[in-house]
Amino acid sequence: MVRRKSNIIVGLTTFHNEMLQISVPVLSKIRDKFTLIIYNDNPMTTLTKRDIRKYGYCGALYVMNTNENIGELRARMEIVDAARGLNPDWFIFCNDSDLLIDVSVPNVSDDNFAVVQNALVIRHRIADLLRAINNPTDIDADGENIELLRPNMGLVGTPIRAKTMFGLCRYLSTITESVCEIDDGLDFYPPFDAIMWNFVNVYAKSVNPNAVPIYMDKINYIKNKIDTARMKYGRLAKPVRNVNEHYRRALDKYTALLTAALNAAALRG
């Protein structure tokens with residue numbers, strides 16, 4: 001696969017703004033050009049371009065602030081909507097506490113709506129995280145403190161075609177209220193990375209039966225899992241037991257909403 005220059009949007013959502021000290025300095029080390037759009041979902045704080053520049057990032061930048069906490073999914077939808085006038089080719093999403101280390105996208109078939117790559121997961125030691133921030137391309141999996149996720153099947157770190165994200169968000173905007181109802185009914189924080197990745201797959205295949213992601217055996221993302229706090233945004237970070245089963249049921253509920261919206265649109269022609 002041959003690299004080509006693309007217009008890339010990196011969408012970064014943040015709530016705990018101090019975490020930007022982790023993600024932004026690493027983004028500033030990427031040599032490829034991209035546009036960074038940050039959505040601050042914390043109504044108690046205001047971010048400015050100057051706040052971001054002090055971490056060393058000098059590229060194209062847009063900062064969005066909120067008047068109310070709208071959640072991870074809607075924040076990413078706002079980023080997509082804000083990018084419409086920029087005519088991007090690809091979106092890559094990043095969490096504020098993670099490290100995106102490469103934004104290069106190969107020249108792939110039009111049927112490939114996403115480029116799945118690998119990720120490293122830092123689980124225990126702050127020293128490993130600090131080392132990754134200082135030199136993100138010189139860190140290896142050890143099977144204990146740093147795990148290799150191969151492939152990284154999720155939204156964050158995965159280049160997604162812009163036309164896929166634009167089309168998907170048009171449908172997501174019609175089911176936002178129902179999505180919020182499901183959110184409110186859960187006693188744990190929803191696995192939005194998996195939910196949105198599933199949304200992307202369902203939508204892409206609904207508009208193109210031949211649509212498939214393509215796999216590139218390369219590390220482009222480092223996930224920070226050191227924070228093991230039991231509570232997240234006022235509820236459990238994950239279910240107490242039977243985690244996979246609870247996640248599967250939640251995923252099915254969210255996916256059913258999008259599938260129903262797509263089916264209704266197909267019936268309307």
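Cys 58 is exposed, with a relative accessible area of 69%. Cys 94 is buried, at 1%. The model is predicted, and its disulfide count is zero. Two separate nonpolar cores, one of 45 residues and another of 26, are covered below.

**Cysteines**

- A disulfide is a covalent bond between the sulfur atoms of two cysteines.
- A pair counts here when the sulfur atoms lie within 2.5 Å.
- For Cys 58, the closest cysteine sulfur belongs to Cys 94 and is 18 Å away, so the gap is too far for a bond.
- Cys 94 is in no disulfide either. Its nearest cysteine sulfur is that of Cys 169, 18 Å away.

**Largest nonpolar core**

- In soluble globular proteins, nonpolar side chains tend to be buried together.
- The largest nonpolar core holds 45 residues. The members that touch the most others are Leu 73, Phe 91, Met 165, Leu 168, Phe 199 and Tyr 254.
- Both strands and helices supply two or more residues to this core. The strands are E2 (35-40), E4 (90-95) and E6 (112-122).
- The helices are H3 (72-82), H5 (162-172), H6 (176-185), H7 (192-207) and H8 (243-267).
- Helix H7 gives the largest share, eight residues.

**Contacts of Leu 168**

- Beyond its neighbours within four places in sequence, Leu 168 is in contact with Phe 199, Val 200, Tyr 203 and Leu 258.

**Second core**

- Apart from the largest core lies another, of 26 residues. Its members include Leu 47, Val 105, Ala 119 and Tyr 221.

How values were computed
Residues numbered from 1 in each chain as written. Predicted model: local features only at pLDDT ≥ 70, side-chain atom pairs only at ≥ 80, totals over all residues. Heavy atoms only, no water. Buried < 20%, exposed > 50% of the residue type's maximum accessible area, 1.4 Å probe, protein only. Core = buried A, V, L, I, M, F, W, Y, C linked by side-chain atoms within 4.5 Å. Helix = DSSP H or I, 4+ residues; strand = E, 2+ residues; numbered from the N terminus. Contact = heavy atoms within 4.5 Å.
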